[in-house]
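Visitor: I would like to take a close look at a single part of this model, with the rest of the chain brought in where it helps. Please take your time over the answer.

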Amino acid sequence: SLAHEIRNPLNAISLQLVLLARRLTRVDGSLREELTGLVESSRHEIVRLDQLVEEFLQLSSIDRVVLEPGYPEEVAREVLTLMGPVARERGITVRDALSGALPPVALDREKIKQVFMNLVRNAIEAMTEGGTLTLVSDTVDGAPVLRVSDPGVGIDPGLDVFDFFTTTKRGGSGLGLPIARRIVEAHGGNLTYESHKGKGTVFSVSFKPQAPGKKRHDARGDNP
């Protein structure tokens, strides 16, 4: 409820800033440039606050997963399509090494999409010098596994990025990866990583294999 109450005034402020930006086109000279910069800075902060609110909303429904047979590779490719333009703008090459041969698993498509969006976005932000972001898939002991790897800045040894409010990014909330891990765990899987400072990071998402004849299931247990 608090998140929704915060979002309403944020939307109103954002709208007013849009209108203000339009009116600034009538101002001449250096004053317009200065005021436009202030407006854009304010809009950027509004976006950041809205993203923070969204993460808290996700946190409130973290264990509410509706599981249906689906293909995690399809979700991962959808995320690559969405994030590809962002990567290219930063001089990053995206390599799709997904096999396309993984079996279906029980998943909540939108929540798993959220997981891969977080992992891919983090990888892009970690690759300050460009490079190649890779998604690869295989099976380990019969369990489907997808990996997101980057040759970025890496993670400091001993830093628990799955602990709430722990972040390596300036202005980060420290919620994205803890939420992602708990979503994967709610699917009966696991989210782990290997990292070497200054050399890059590999996040691995493993899924529980789909049992034969598995039916639609609501993990909350109150909506079969």
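In which helix is I179 found, and what can be said about that part and the helices of the chain?

Guide: The model is a predicted one, and in it I179 is found in helix α5, which covers residues 176–186. I179 has a relative accessibility of 0% and therefore counts as buried, the cut-off for that class being under 20%. Leaving aside residues up to four places away in sequence, I179 touches E55, Q58, L59, I62 and Q114. A further relation across the sequence is that between I179 and N118, which are 61 residues apart along the chain, while their C-alpha atoms are 9.5 Å apart in space.

Helix α5 also holds a charged pair, for the side chains of R181 and E185 meet in a salt bridge with an N to O distance of 3.7 Å. These two residues are 4 apart in the helix, so that about one helical turn separates them. The general background is that an α-helix has 3.6 residues a turn, so residues three or four places apart point the same way. R181 is partly exposed, with a relative accessible area of 23%, and E185 is likewise classed as partly exposed, at 40%.

Helix α2, residues 29–60, offers a pair with a related spacing, since R43 and E40 both lie in it, 3 residues apart, or about one turn. Their side chains form a salt bridge at 3.3 Å, N to O, with R43 partly exposed at a relative accessible area of 30% and E40 partly exposed at 39%. L49, also in α2, is partly exposed at 37% relative accessibility, and together with L52, F56 and F165 it makes a nonpolar surface patch of about 360 Å².

A salt bridge may also join two helices: E78 pairs with R109, the closest N and O atoms being 3.2 Å apart. Because E78 lies in helix α3 (residues 72–89) and R109 in helix α4 (residues 109–126), the pair ties together parts that are 31 residues apart in sequence. E78 is partly exposed at 28% relative accessibility, as is R109 at 34%, and both belong to a network of salt bridges that links E74, E78, R109 and K113. In the whole structure, a search finds 9 salt bridges.

Helix α1, residues 2–23, has 22 residues and reaches 33 Å from its first C-alpha to its last, close to the 32 Å expected at 1.5 Å a residue. Its residues A3, R7, L10 and L17 are buried. Seen down the axis of α1, the buried residues fall within an arc of 85°, and so they line one face of the helix. The face turned away from that buried side carries the exposed residues E5, Q16, R22 and R23.

As for the setting of these helices, the protein chain has 5 helices and 8 strands, which follow the pattern α-α-β-α-β-β-α-β-β-α-β-β-β along the sequence. Of its 224 residues, 37% count as buried, and among contacts between residues at least 6 apart in sequence, 72% join residues at least 24 apart. The accessible surface of the chain comes to about 13,100 Å², with 51% of it belonging to carbon and sulfur atoms.

Key: Residues numbered from 1 in each chain as written. Predicted model: local features only at pLDDT ≥ 70, side-chain atom pairs only at ≥ 80, totals over all residues. Heavy atoms only, no water. Patch = residues over 30% accessible without salt bridge, like charges linked within 9 Å, V, L, I, M, F, W, Y side chains within 5 Å. Areas by Shrake-Rupley, 256 points an atom, 1.4 Å probe, with all protein chains shown as cover. Salt bridge = Lys/Arg side-chain N within 4 Å of Asp/Glu carboxyl O. Buried < 20%, exposed > 50% of the residue type's maximum accessible area, 1.4 Å probe, protein only. Expected span 1.5 Å × (residues − 1). Arc of directions from axis to C-beta. Contact = heavy atoms within 4.5 Å.
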